[in-house]
Each structure stands twice: as structure tokens, then as C-alpha cells.
Amino acid sequence: DDLFKEEFKRFRNSRGEFAAGEVIDFENVEPSGASQFGVSNMPTPPLSACKTAQRLGLLPADKWIVFSLATAPGPYVRVLQIEFFLIFKPTKNIYLRNPGLYVIPNPFRAGGQHHWVKQCLVTYPCKPNVCNLDAHVVRAGDGRLWPRDLNNLPSAAEVLVSRDPKDMSEVSKNVSEVPKDVSDVSKDASEVSKDVSKMPNHSDLLHKLHWVTLGYHYDWTAKVYHKEHRSPFPEDMAELSTFILGAAGFPNFVPEAAIVNYYNLGSTLSGHTDHSEEDLSCPLLSISFGQSAVFLIGGGTKQVRPKAILLRSGDVVIMSGASRLAYHGVPKILPPHKGMETPHCLSQDTLQTYLEGAHSEGARLPWCLCGKAQGTVVADSESANTVQCLSCSRLLNSWPEFAAYLSYSRINVNIRQVVSH
């Protein structure tokens, strides 16, 4: 029996409300499960590593908590405090259901996710990176898809209603099962508001964007990487991924390819394995932003019933060891709670607080989200001691438009090493 497909359908057709224990929520771990292992106090990382974490929008590594799943004596979780550059060793006589699977609930500082959302929406879709639209349209200039007039972003209802399934399948028709499913829209989502007019033309491409590839560009038809088909891997994403994986015990990881998936409410990602890379001993790194999702992780075949994990904005998943080739997928993007369309960690107020703290050091080098000391700054009108580089100031001022997109969307970045070194 295809137990993975059975669970996938069950969660896909759900209303997003689950019984206790049905979905593992690492923000609400039962004390009885965590106490079976305890929490270890680990050494503080070097000062240089703390500064790097701050510049990347991350908490210091010793503040992260890493979870992994076990099968005996029950479906509880084991909790570990992360140690810088230390490989975790499972507790003796404990058998992990998914050995090598680690989940780090939101290791980002408050306000630290905003830069990465902007990169995923504004920068990464630009040429020479490749996206699902390139087989069907010619993108002018740098290929930017984010509306230049940020005040004209559509509402969530407009996006959901205007997504014609026939139109979506045309955009994705030459794509394999993994990214194609990201274009699917559920019946519930399409009926949010039937009387809303069609989305403005300027956003047609944006709401049809389902994936972008960075570095080595995957051939979805042949399911291989062509070494001659690649573009420079983004430096900031390379630094973020090597820092996280280095802290988690994978200091030799080389980021060479990434897939950025863009989900709307109703989108899914069918069960699959990632096995096209040369060195399958290298981990996969997944980072989520925006709306929460149900993530299914099973075994080496679809005959293994998968576990369901709730992933929130900022959560990190590392698939290594036996879990590197496990079947996994996303059957459900959860709708936002009423009154909180965008997660608090992605609010404009959170970004404002972050920037005020990041730039409150006066003449000292500002560890701002752009990661650089800018030559031109703007002063805060209320405090002569608070400055912002122009990049951060523009991000703050335009954030309501990004928040509008995130109110109905989830972004996932999956980074991998392609070639053996």
C-alpha cells in the first residue's frame, strides 16, 4: 500500500485543524517527551561566529534548539541544545525514526527573516536565475517580477480567485511532478470570494511564479544537473546555508544549487525524494518563510507511513543520513489566523525594532540586514543616534507590500550540494 499517498491526501483534504498528536508541533512539545532526554547547556560560540550570526539575522548558535524524531519507546521528540561545530550523537539505545532529520524552530532573530523574504521575491527571481515562467514568456531587462509599483499588489482573495487551473497547468506543463504540484489550487481556496474581479495584469507573472533555481539549474525533464547550465550562487544565501550547516555539524558543505518554491494557499508539493546530486551523503537544507505548512517525512519507500510536522516561518529542516533519501512532501499550506494575516515575526513592527537595535551603535559598523556598511545613511527623525542604511530604510518603508504577499503565501528555500568535492 502507498501509505505516503494515503496520508498526503488526508492532510491535503483537511481544514487545517488537527487532533492532539496528529501533527508534531515543536513550539508545543509535551514536557513528558522532552524530559526523557533533557536539555544540555553547551559552550558559547566564538565572538566572531556570534557577529556573523547577527549579520545574517540569526540568533547565536548556542540559543538554537534542535529536534529529532524517535520510535522507541514512543513517538516523542528528543531535545538538544546545539553546540557550535559539534556533530550530534544519538542517545545510546535510542532508535531514531528518521536518523539524520533535524528541525530547528526559527533560529532567526526577531526581524531577521525580512531580508531573506525580500531576496526571494525581488532578487533571486531575476536573471540569470531560472524560473518556471522562462519556458513561456520573455522577461524584459533583468527579468524582475516583483511589481515596481509596490502599492498595486493584489489582495489574497484576488490571487486565489484569478488563478485559473488551466492557466496554471499551461505555465507548468513541461515541469516534473515536484514543482508542478506547487501550481495546484484546492477547491476551498478557489471559492474564497467568487465576486472579486480579476487580478491586475502587472501581477499576472508574480502570482504564476512557482519556483526559481539558483546555481546549478535542474533539468526537470531529464532529472539531472548539467554542469554547463549554471549561474553564480548568491553570496548571501551561500553564507547563510554554510553557517547553519556548519553549526549543525556539517562544516564541509558547499552550497551549489537551490530551489525556491513559492506556495499560495491551496498549493501542494507531492511526495518525492531528492536523489539527482552526485554526493548523496551531503545534507539538504530547507528554510521556510511566510504561512505555516504541514510537512510529511516518511522512509525510503512510499510503504512507510509518514510523520506530519508543523513548520512555521523561519523553521529550518536538515535532512541527512538515512533521511536524506526519505520521501517527503507538503500536503497543506495553513491559512492565517484571523487578525494575524502575517506571522508576527514578519511584521513591520518587528522589522522596525530590529533596525533600531541594529543601528543604535552610532558610528560603529552597523550590522544591518544588508550586511554592509553603506556610504549613505538616513537619520531617524526621533533619534539622532539611530541611523539606517538606505537599503534597510527602503525595506522598512515597503514592507506592507511584502506583508500583503505573505498573507496568502509560503516561501521555501531548499539548498543542496551537487558535486562531490
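User: In which loop is K223 found?

Analyst: In this predicted model, K223 has a phi near 60 degrees, a positive value in a residue other than glycine. Most residues other than glycine have a negative phi. At 36% relative accessibility K223 counts as partly exposed, because that class lies between the 20% and 50% cut-offs. The residue is found in the loop between β5 (211-219) and β6 (224-230).

User: Is N106 buried, partly exposed or exposed?

Analyst: N106 is found in the loop between β3 (101-104) and α4, and its phi is near 25 degrees, a positive value in a residue other than glycine. Its relative accessible area is 25%, and since buried means under 20% and exposed means over 50%, N106 is partly exposed.

User: Which residues does a cis peptide bond join, in the part of the chain that includes the loop between α4 and β4?

Analyst: Most peptide bonds are trans. Here, the loop between α4 and β4 (130-131) holds P128. With omega at about 10 degrees, the cis peptide bond joins K127 and P128.

User: How many of the residues of α4 are buried?

Analyst: Across the protein chain, buried residues make up 55% of the 421 residues. Helix α4 is mostly covered, and its buried residues include H114, W116, K118 and Q119. The number of buried residues in α4 is 9 of 10.

User: Is α4 roughly parallel, roughly antiparallel, roughly perpendicular or oblique to α10?

Analyst: The axes of α4 (residues 114-123) and α10 (residues 235-247) come within 11 Å and cross at roughly 135 degrees, and α4 passes α10 in a left-handed crossing. An angle of this value is not over 145 degrees, as roughly antiparallel would require, and it lies outside the 65 to 115 degrees of roughly perpendicular, so α4 and α10 are oblique to each other.

User: Which residues of α10 does α4 meet?

Analyst: On the α4 side, the residues that take part are H115, W116 and Q119. By class, the contact of α4 with α10 has 3 nonpolar, 2 polar and 1 charged residues. The residues met in α10 are D236, M237 and L240.

User: How is α4 oriented relative to α12, and which residues of α12 make the contact?

Analyst: Helix α4 and helix α12 (residues 390-406) pack at an angle of about 70 degrees, with their axes 10 Å apart. Because that angle falls within 65 to 115 degrees, α4 is roughly perpendicular to α12. The residues of the contact divide into 8 nonpolar, 3 polar and 1 charged. From α4 come H114, H115, V117, K118, L121 and V122, and from α12 come S391, L395, W399, F402, Y405 and L406.

User: Which residues are in contact with T350, leaving aside its neighbours within four places in sequence?

Analyst: T350 is found in helix α11 (residues 348-358) and is buried, with a relative accessible area of 7%. Its C-alpha atom is separated by 9.0 Å from that of G112, although the two are 238 residues apart along the chain. Leaving aside those neighbours, the residues in contact with T350 are A110, G111, H114, H344 and C345.

User: What is the relative accessibility of F289?

Analyst: F289 lies in strand β9 (residues 284-290). Leaving aside its neighbours within four places in sequence, F289 is in contact with residues including W116, V117, S313 and I411. F289 counts as buried, because its value is under the 20% cut-off, and its relative accessibility is 1%.

Conventions
Residues numbered from 1 in each chain as written. Predicted model: local features only at pLDDT ≥ 70, side-chain atom pairs only at ≥ 80, totals over all residues. Heavy atoms only, no water. Axes fitted to C-alpha atoms, helices over the stretch in contact; angles between N-to-C directions. Helix = DSSP H or I, 4+ residues; strand = E, 2+ residues; numbered from the N terminus. Parallel < 35°, antiparallel > 145°, perpendicular 65-115°, else oblique. Left-handed = near helix turned anticlockwise from the far one by under 90°. Contact = heavy atoms within 4.5 Å. Nonpolar A, V, L, I, M, F, W, Y, C, P; charged D, E, K, R; others polar. Buried < 20%, exposed > 50% of the residue type's maximum accessible area, 1.4 Å probe, protein only.
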